[in-house]
Amino acid sequence: KKLNLFATPEHASLYVAKQIAELIREQQKQSKPTVLGLATGNTPKRVYKELIRLHKEESLSFKNVISFNLDEYYPIYPEDEQSYTHFMRENLFDHIDIEPQNIYIPYTDCSLDGIAKYCKDYESKIAKYGGLDFQLLGIGRNGHIGFNEPGSSFDSVTRLVNLHELTREDAASDFGTIDNVPNHAISIGIQTITQAKKIVLLALGERKSEVMRKSLQGKITTQVPASILQTLPQVEYVLDHEAAALSQ
Ligand code: F6R
């Protein structure tokens, strides 16, 4: 396993941002686009802040970047403050030079019937760009990656999912109360994630220490979706001291 430990969340985040920047620059030199898989939530915020700094101060350009977000609540509107579109604009996209047409975040206002087609198209778009070059992941306290909750099949692809109670609880503060948190989301699948050429799972803070122990050292089971990552050579775990506290 490739496990990289850092003393602070800050150090861990800067390390991840640097990796992303180097990949973009490397691909640019070869005139190739970089296809990024991006996450929302608290964990990647500092990474995005550093990418913005690199754009503003060290001329990192996102003109050749295509980005696919992992997931989005359903139903929700992109304009809603809790939407991941809103999150991505505020924390990254509004501050860099990525082309709007290269940004993909799952969203559909179609009825349940249309969602299956929408999800299939989302998968096809990723495939059309040759798959994800780099997938950034956070981890839920129940071991979810994207919104692939416990029980998700390892060969799942983009689809409508039910959110677990713990996931909704963790989102409650964003929505004011748990009753306002949607019961569903659209999430790319575990198979979609595991096909990325490089995967970095970033886990920060004491709240993630128990799930990181299970994900790194526990058995590989759909009950802990992140456990599948143990089997993949292209995975790197980036943890701060606190998130690693229960793993040796
Ligand atoms: C977000 C996502 C989720 C989060 C996870 C951790 O796009 O896919 O899997 O990465 O819920 O969230 P934070 O970072 O807020 O602890």
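1. Let me start with the sheet that has the most strands to describe. Seven strands form an open sheet in the order S1-S10-S9-S6-S2-S3-S5, and the pairing is parallel. Its edges are strand S1 (2-6) and strand S5 (103-104), each of which pairs on one side only. Please keep in mind while reading that this is a predicted model.

2. One pairing inside that sheet is worth a closer look. Strand S6 (residues 134-137) and strand S9 (residues 199-203) run parallel and are joined by three bridges. If you want a residue pair to find the register, Leu-137 stands opposite Leu-201 in S9.

3. Next, what packs over these strands? Helix H1 (residues 9-29) lies across S1, strand S2 (34-38), strand S3 (65-69), S6, S9 and strand S10 (235-240). Against S10, helix H1 runs at about 150°.

4. Following the chain onward from this helix, you come to a backbone detail. Ser-31 sits in the loop between H1 and S2. Its phi is near 55°, a positive value in a residue other than glycine. You may like to look at Ser-31 by eye in the loop between H1 and S2.

5. There is also an open sheet of three strands, with the order S4-S8-S7 and antiparallel pairing. Here the edge strands are strand S4 (71-74) and strand S7 (159-162), each pairing on one side only. Neighbouring strands of this sheet are turned by 35° against each other on average, direction ignored.

6. Which residues mark the register of this sheet? On one side, S4 and strand S8 (residues 184-187) run antiparallel and are joined by four bridges. Asp-71 stands opposite Ser-187 in S8, and Tyr-73 stands opposite Ala-185 in S8. Turning to the other edge strand, S7 and S8 also run antiparallel, again with four bridges. There, Asn-162 stands opposite His-184 in S8.

7. Where does the cis peptide bond between Tyr-74 and Pro-75 fall? The omega of this bond is about -5°, and Pro-75 is placed in the loop between S4 and helix H3 (84-91). Tyr-74 itself belongs to strand S4 (71-74), so to speak a handy landmark for finding the bond on screen.

8. Now the ligand, which I expect will interest you. Of the 14 residues around the ligand, Thr-40, Gly-41, Asn-42, Thr-43 and Gly-138 come nearest. What classes make up the shell? By class, the shell has five nonpolar, eight polar and one charged residues.

9. On annotation, UniProt lists residues 9-230 as "domain: Glucosamine/galactosamine-6-phosphate isomerase", in an unreviewed entry. Over residues 9-230 the chain is 38% helix and 15% strand. The end C-alpha atoms of that stretch are 22 Å apart.

10. Finally, the overall picture. The protein has seven helices and 10 strands. Along its principal axes, the C-alpha trace spans about 45 × 45 × 35 Å. How does the radius of gyration fit with a compact globule? For 248 residues such a globule would have a radius of gyration near 18 Å, and the protein has 17 Å, which agrees.

Terms used. Residues numbered from 1 in each chain as written. Predicted model: local features only at pLDDT ≥ 70, side-chain atom pairs only at ≥ 80, totals over all residues. Near = placed C-beta within 6 Å. Nonpolar A, V, L, I, M, F, W, Y, C, P; charged D, E, K, R; others polar. UniProt positions renumbered as here; feature names shortened; annotations may be inferred. Helix = DSSP H or I, 4+ residues; strand = E, 2+ residues; numbered from the N terminus. Pairing = 2+ DSSP bridges. Axes fitted to C-alpha atoms, helices over the stretch in contact; angles between N-to-C directions. Contact = placed C-beta atoms within 7 Å. Rg over C-alpha atoms; globule rule 2.2 N^0.38 Å.
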